[in-house]
Amino acid sequence: MKSKKKWLGDERREEIISLLRQDNIPLTGGQLAEYLNVSRQVIVQDISLLKAKNIPILATSQGYVLTEDNANEHAITRIVPSYHRPEDTEQELLILVDQGVLVRDVKVEHPIYGDLTASVMVSNRKEVYQFIKNIQKTNASYLSELTDGIHLHTLEAKSEQDLDDAERAMDQAGFLLTDNTKH
């Protein structure tokens, strides 16, 4: 996917948008940098400039996506409260994707910063394994560690039944936060 052309400024940012539109799959900063013959840091800056112009680019654990092309107007979303230890994150995500849902994000309420949201964007086992691998490789902390395991997920599915099944599966695993949850 490498281009020999030297891309400058606005032209490079237009090409980033074009690449994200045409592939319709997440592209990493490294992939974009290689194609455009620039450093990954230049891509990070370009993405920031594009976001500042309200271009709907989302940084996910798999790479950058253009959300206008990925929005599913027929999908149903639900915010689900969850509670578990960091080492249970993989199991929780697998339970959710096995019910046919997309885990859009994770949200926590921080005592200083207020609501914090991070993109997750996993919908199948392969993406879950890649997400966990990226966390481990970078030695990053889970956002839920800031709140002793309490967090919210925005789930997206094709039907209310899929969302109900996902909540039920989380409850059976002991991950659904309820009035009766002991923590």
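**Exercise 1.** With which side chain does the side chain of D46 make a polar contact?

*Solution.* The model is predicted.
Step 1: locate the residue. D46 sits in helix 3, residues 40-52.
Step 2: check its accessibility. The relative accessibility of D46 is 2%, and the cut-off for buried is under 20%, so D46 counts as buried.
Step 3: list its contacts. Leaving out residues up to four places away in sequence, D46 touches R12, R13 and I16.
Step 4: find the polar partner. The side chain of D46 makes a polar contact with the side chain of R13, at 2.8 Å.
Step 5: place the pair in its setting. A network of salt bridges links D46 with D10, R12 and R13.

**Exercise 2.** Describe the salt bridge between R78 and E167, and state whether each partner is buried or partly exposed.

*Solution.*
Step 1: take the total. The structure holds eleven salt bridges.
Step 2: read the distance. In the bridge between R78 and E167, the closest N and O atoms are 2.7 Å apart.
Step 3: place the partners. R78 belongs to strand 3 (residues 76-83) and E167 to helix 7 (residues 160-173); the pair links distant parts of the chain, 89 residues apart.
Step 4: assign the classes. R78 has a relative accessible area of 17% and is therefore buried, whereas E167, at 22%, counts as partly exposed.

**Exercise 3.** Analyse the salt bridge between D165 and R168 in the same way.

*Solution.*
Step 1: the side chains of D165 and R168 meet at 2.8 Å, N to O.
Step 2: both residues are in helix 7, and because they are three residues apart, about one helical turn separates them.
Step 3: D165 is partly exposed at 23% relative accessible area, and R168 is partly exposed at 43%.

**Exercise 4.** Which element supplies the largest share of the lining of the largest pocket, and which gives the most to that of the second largest?

*Solution.*
Step 1: the largest pocket has a volume of about 680 Å³. Its lining has 31 residues, with T60, S61, F131, N134 and I135 nearest the centre.
Step 2: by class, this lining has eleven nonpolar, 17 polar and three charged residues. Helix 6 supplies the largest share, six residues.
Step 3: the second largest pocket has a volume of about 520 Å³. Among its 21 lining residues, P26, L102, M121, S123 and E127 are the closest to its centre.
Step 4: its lining has seven nonpolar, eight polar and six charged residues. Helix 6 gives the most here too, with three residues.

Technical notes: Residues numbered from 1 in each chain as written. Predicted model: local features only at pLDDT ≥ 70, side-chain atom pairs only at ≥ 80, totals over all residues. Heavy atoms only, no water. 1 Å grid on protein atoms, 1.4 Å probe; cavity = no way out; pocket = protein on both sides within 12 Å on 5 of 7 lines; lining within 4 Å. Points joined across faces, edges and corners; volume = space filled by probe spheres on them. Helix = DSSP H or I, 4+ residues; strand = E, 2+ residues; numbered from the N terminus. Nonpolar A, V, L, I, M, F, W, Y, C, P; charged D, E, K, R; others polar. Buried < 20%, exposed > 50% of the residue type's maximum accessible area, 1.4 Å probe, protein only. Polar contact = N/O pair within 3.5 Å; in protein donor to acceptor, adjacent residues only side chain to side chain. Contact = heavy atoms within 4.5 Å. Salt bridge = Lys/Arg side-chain N within 4 Å of Asp/Glu carboxyl O.
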